[in-house]
Amino acid sequence: MSFEAKEMKEYDLIKIDSKSGLSVIFADVGATVVEIRYDGKVMTYAPADIDKLMKTRGQYFGKTIGRLNGRIKDSHLEYDDICLELEPNEGKTCLHGGFNSISTKRFEYEIEENERSTDVIFEYDSKDDEAGFNGNVHWLVRYVMPHDRPSLRIEFEMSPDQKTLLAPTNHLYFNLGGSKDIMSHVLKIESSKIMKVDDEDLNPIGPIDVPAVLDFRKGMKISEHVNDPELVNTKARGYDHPFVIDEDKRGGIIATLTGNGCRLDAYSDLPCLIVYSNNYPTTGMALTNGNVDVIHGGITLEAVEIPLDYASMLVQAGETRKRFVEYAFGKE
């Protein structure tokens, strides 16, 4: 295992090369995963202009997002005795924590090597009323790279000083092997229900049985239904849906993506997976895999709390909440 850190004026870059064949570049702004390579091939879908990625609000590639991921309708949130007016940053909606999301913050970091892994540990302290959310919160995001297998495990730890709602995730996009797009990739998700979203703003409404165009339980090519009128004739313009993971699958493999002879297994204790098929690309933007940004060029597998299930997001003062997602790479 080898690692190096490059200190810059506005952000730092950290590169870890594992004996397992996995190589990852991190950045301290947003506790970001800039790029993942396995066996020399790019596994992620991200801008080549790292400087712009670090400085641009609303570019979420590989960043840690929160305090709450996803969309909050009308930027207004009420649960229990908590009532918050949040920052709108997508029309009237608060998306991924607003303009001042933790995705925009510079984290402190350290590199820790032990017998089993090399870890990159990022920490940041959110202030009360930051982006409209209540409570001071200590964030710890630990990236674990085992010595013996090509895997990246992300561990979130959140410790508030008052009762508050917390539900972060990582917004990595994947394209296994650096294809022009992910249309030939095959995706399997252990989910028999999705959260229905409204057609106007894609805000979550409630759980429904998974419709045929979104049924990935047996594995399905991305191209099979991504351009189905049932999807493209809505604001989603493709896949942009929360999949509720079947209860007996949580904690194990919740999704598998294959393509170009590569395989990605996603593990998590989180109960939901947001799949977004890059339906609104930045046309012509250069990527680290040598291609340019196109519609359906990459796909997210964001492990999250179930939208609207605020009871599961509620963290008490003095409590430390822990969640994890792990991406394990291999050959198909």
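# Aromatic and charged contacts in a predicted model

F122 is buried, its relative accessible area being 0%. The structure described here is a predicted model, and F122 serves as the entry point to its aromatic contacts.

## Aromatic pairs

Across the whole structure, a search finds 13 aromatic pairs. In one of them, the rings of F26 and F122 have their centres 6.4 Å apart and their planes at 55°, so this pair is tilted. F26 belongs to strand β3 (residues 22-27) and F122 to strand β12, so the two rings tie together parts that lie 96 residues apart in sequence. Like its partner's, the burial of F26 can be stated by number, for F26 is buried with a relative accessible area of 0%.

F107 and Y124 form another aromatic pair that is tilted, with 5.4 Å from centre to centre and 45° between the planes. This pair also links distant parts of the chain, since F107 sits in the loop between β10 (94-95) and β11 (108-113), while Y124 is in strand β12, 17 residues apart. F107 and Y124 are both buried. One aromatic cluster is formed by F26, F107, Y109, F122, Y124 and Y143, and the members of both tilted pairs are thus found among its residues.

The two pairs are set side by side below.

| Aromatic pair | Centre to centre | Angle between planes |
|---|---|---|
| F26 and F122 | 6.4 Å | 55° |
| F107 and Y124 | 5.4 Å | 45° |

## Strand β4: T32 and Y38

T32 is a residue of strand β4 (residues 32-38), and its relative accessibility of 0% places T32 among the buried residues. What does the side chain of T32 reach at 2.6 Å? The side chain of T32 reaches the backbone oxygen of V29 at that distance. Leaving aside residues up to four places away in sequence, T32 touches I25, F26, A27, M54, F61, G62, K63 and Y143; of these contacts, F26 and Y143 are also named in the aromatic cluster.

Y38 is found in strand β4 as well, and at 11% relative accessibility Y38 counts as buried. The C-alpha atoms of Y38 and S23 are separated by 6.4 Å, although these residues are 15 residues apart along the chain. With residues up to four places away in sequence again left out, Y38 touches S20, G21, L22, M43, P150, F329, G330 and K331.

## Salt bridges around R142

The count of salt bridges comes to 24. Side chains of opposite charge can pair when their charged atoms come close. The side chains of D119 and R142 meet in a salt bridge, with 3.0 Å from N to O. D119 lies in strand β12 (residues 117-126) and R142 in strand β13 (residues 137-146), so this salt bridge ties together parts that are 23 residues apart in sequence. Both D119 and R142 are buried, the relative accessible area of R142 being 19%.

R142 also takes part in a salt bridge with E155, for which the closest N and O atoms are 3.9 Å apart. Here, too, distant parts of the chain are linked, with E155 in strand β14 (residues 151-160) and R142 in strand β13, 13 residues apart.

Are the partners R149 and D148 buried or exposed? R149 forms a salt bridge with D148, in which the closest N and O atoms are 3.3 Å apart. R149 is partly exposed, with a relative accessible area of 40%, whereas D148 counts as exposed at 62% relative accessibility. Salt bridges that share partners join E112, D119, R142, D148, R149, R153, E155 and E326 into one network.

## A sheet of five strands

Strands of a sheet pair through backbone hydrogen bonds, either parallel or antiparallel. In this model, an open sheet of five strands has the order β20-β19-β22-β25-β27, and its pairing is antiparallel. The edges are taken by β20 (204-209) and β27 (302-304), each of which has a single partner strand, so one side of each is left without a neighbour in the sheet. From one strand to the next, the twist averages 30°.

Within this order, strand β19 (residues 191-197) and strand β22 (residues 240-245) pair in the antiparallel sense over three bridges. The bridge partner of I194 in β22 is F243.

How values were computed:
Residues numbered from 1 in each chain as written. Predicted model: local features only at pLDDT ≥ 70, side-chain atom pairs only at ≥ 80, totals over all residues. Heavy atoms only, no water. Helix = DSSP H or I, 4+ residues; strand = E, 2+ residues; numbered from the N terminus. Buried < 20%, exposed > 50% of the residue type's maximum accessible area, 1.4 Å probe, protein only. Polar contact = N/O pair within 3.5 Å; in protein donor to acceptor, adjacent residues only side chain to side chain. Contact = heavy atoms within 4.5 Å. Pairing = 2+ DSSP bridges. Axes fitted to C-alpha atoms, helices over the stretch in contact; angles between N-to-C directions. Salt bridge = Lys/Arg side-chain N within 4 Å of Asp/Glu carboxyl O. Phe/Tyr/Trp six-rings, centres within 6.5 Å; stacked < 30°, edge-to-face > 60°.
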